[in-house]
Amino acid sequence: MDQSVRSEPTSRESAEEWESDLVDLTGVPLAPSHGLCLPTPPERLLIEVRRPRSTSTGGQNPGRAD
Amino acid sequence: MNGQGTYEPLRLADRHLAELATGGGSDEALDQLERGERTRRQLLLGALHDRRDAPAGPLGSPDVAWQALHTAYRQDTGQVERLLLGPAVGSWVGHLLRRLHGTADGPELWTEWGHLHRLAVSAALLAGTDAHLPVPVTDGRLPLPGLGMLCLPGRWTGHRAVQATVHAGELAVGSGPDQVTLRPVHGPESAVWLPLRSVAPGVPLEDLDPYRDLDGPLPPARLDTAEFTAWRRVFADAVEVLGARTAPGPGRLDPGRIRSVVPWGRVGVLPPPEPTVRRSATTGDAYGAMVITRPAGGVMLAETLVHEFQHSKLAALLHLFPLLDDDRAERYYAPWRADPRHLTGLLHGAYAFIGVTGFWRDRMTDGSADPGTAAYYFALRRLQTRLVVRTLATSDRLTAPGRRLVAGLADTLDGWLRESVPDDALRRARTAAHLHRTEWRLRNLRPARSSPRPTAAFWPDIRTHVFAVRPGVPRTADEFLAADDPEAATSRYARLDPVDPHVRAGRLVAYATLHPGRTARRILARPESARLPGSATPR
């Protein structure tokens, strides 16, 4: 399991909030530019986006929401 | 950013996770998911921006495109932000990163990088800034994300780079006597310009963007006027169905959350569409977009909109947190598919179908659909979805937020399973559920290690929708079973190929219906090992 995710609740009964390994970039420009230093994407994010996809046109089963 | 110059992590309030875990989710919860999607888009755009290995093709360095994009963003942040958050942009970003990683195929790489240049042109047009840069044109077509597509006159084949100039809202493409000039933003359709159309206010009907599918680029598939009009009509009907229940909950959807509809499989009104949606799909790269074949009516479209948006919600939640530790082994039974699924696929199915179950629960009483049909689908999907949720819960693969989510789904479904449904609809739903599971096991499992491995080829589910309505005059074996006449069904199955898994499933379920008890339960539990009493049916 990915150890970089700090997503354990603060109590066994209920947690007030769950913390992601993605950071809050609200207010940071969406369009990249030189000099805009964004954090490195978490490895989990990169692994997920790099995983091969199927397409709607492939096969007879419906496209997969992978 | 905090006082130390680092960024705070995204956080999801437990009450919001609890709402999402019911299968629904308030506006606040969805806003949190969308905030996560923005971060993801930013980080992935940044990852592309930081690549220094764009091919030195006809477009030269992508720096000119990044600069034009940034200039437009500074001028009109709102417009360009909406453009960059568009679903097809997400598909492009994800696909290009996969191509650079070697996990996707596509056309010449410089043309895929070149989509950035097209994006920059769109941004400049929307923001009213100037830009001058080369763009890739394919077979004479220049798609402009978020705006439409330019069709250059003359004979064009393959990929070529042409110069594009934007000034004061006017676009000039090409040079000399072949140059085309137009004002694309709000520009009318013409011989050279196909504007992006909307199926409803604020909801694009995306039939042009090359990255409108789940991964790689596609040619455009422009709907003719009649098909476009039909889409608007059936979408309006679907919105009316969804508008009957507006309080947030599983199975409910604010159509304003839909980012785009990608019509699939037809560009004209002929042949007439089927009553149900033949194909629909979603990708986590394109939050809020859904690929759909147009059905005949609004109720089935509404069901599909709910189904597909559930996928977007879950994908966004998965982007925020790992919900399970998945080895991606495709071995699990999903009641709505012919193929075995991995755990993430199972979770996606469970989340989508809790939405579908809630959708039909609402339709039982709001008058927008036949109550009997709604009762059947409600009974069927609650049963099937609860089975899948149990598989997930007992998999020992869930993380803490994953356990929270799955426990919430189980709570919703357990409550629904206690609700009464008319007897005949309930019987047909249980029979249909048994039939699908039985046929799946016959096709995908083997009774003993020494048995030949099944081929697991695709097989169509032709029973689920047949059982939705009690047949008035049954003719086939399945129809007799749906009409609660298992004896007649059995005699008709006996005339068919006993080796055919579809027929065998029917025979087994008909037998179990006629002879309830321990033997029947054993047959239904492991049909791949079952031998009907008095039968020499081979396996």
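In strand S1 of chain B, B:Arg11 is the bridge partner of A:Glu19. That pairing belongs to a set of 4 bridges joining S1(A) to S1(B), residues 9-13, with the strands running antiparallel; strands pair when DSSP finds at least two bridges between them. Strands here are DSSP runs (E, at least two residues), as are helices (H or I, at least four), numbered from the N terminus.

The model is a predicted one, where local features need pLDDT of at least 70 and side-chain atom pairs pLDDT 80 or more, while totals for chains, interfaces and linings use all residues. Residues are numbered from 1 along each chain as written, chains are lettered from A and ligands numbered from 1 in written order, and side-chain values use heavy atoms, leaving out hydrogens and water.

So how many residues meet across the two chains? Counting heavy atoms within 4.5 Å as contact, 52 residues of chain A touch 66 residues of chain B. Together the chains bury about 5,500 Å², with carbon and sulfur atoms giving 59%; this is the accessible area (1.4 Å probe) lost on being put together, summed over both parts.

Turning to charges, the interface holds 5 salt bridges, each a side-chain nitrogen of Lys or Arg within 4 Å of a carboxyl oxygen of Asp or Glu. B:Arg11 turns up again here, in a salt bridge with A:Glu17 whose closest N and O atoms are 3.2 Å apart. On the side of chain A that touches chain B, strand S1 (17-23) and helix H1 (43-50) each supply at least two residues, and S1(A) gives the most, with 7.

Conventions: Buried area is the accessible area (1.4 Å probe) that two parts lose on being put together, summed over both.
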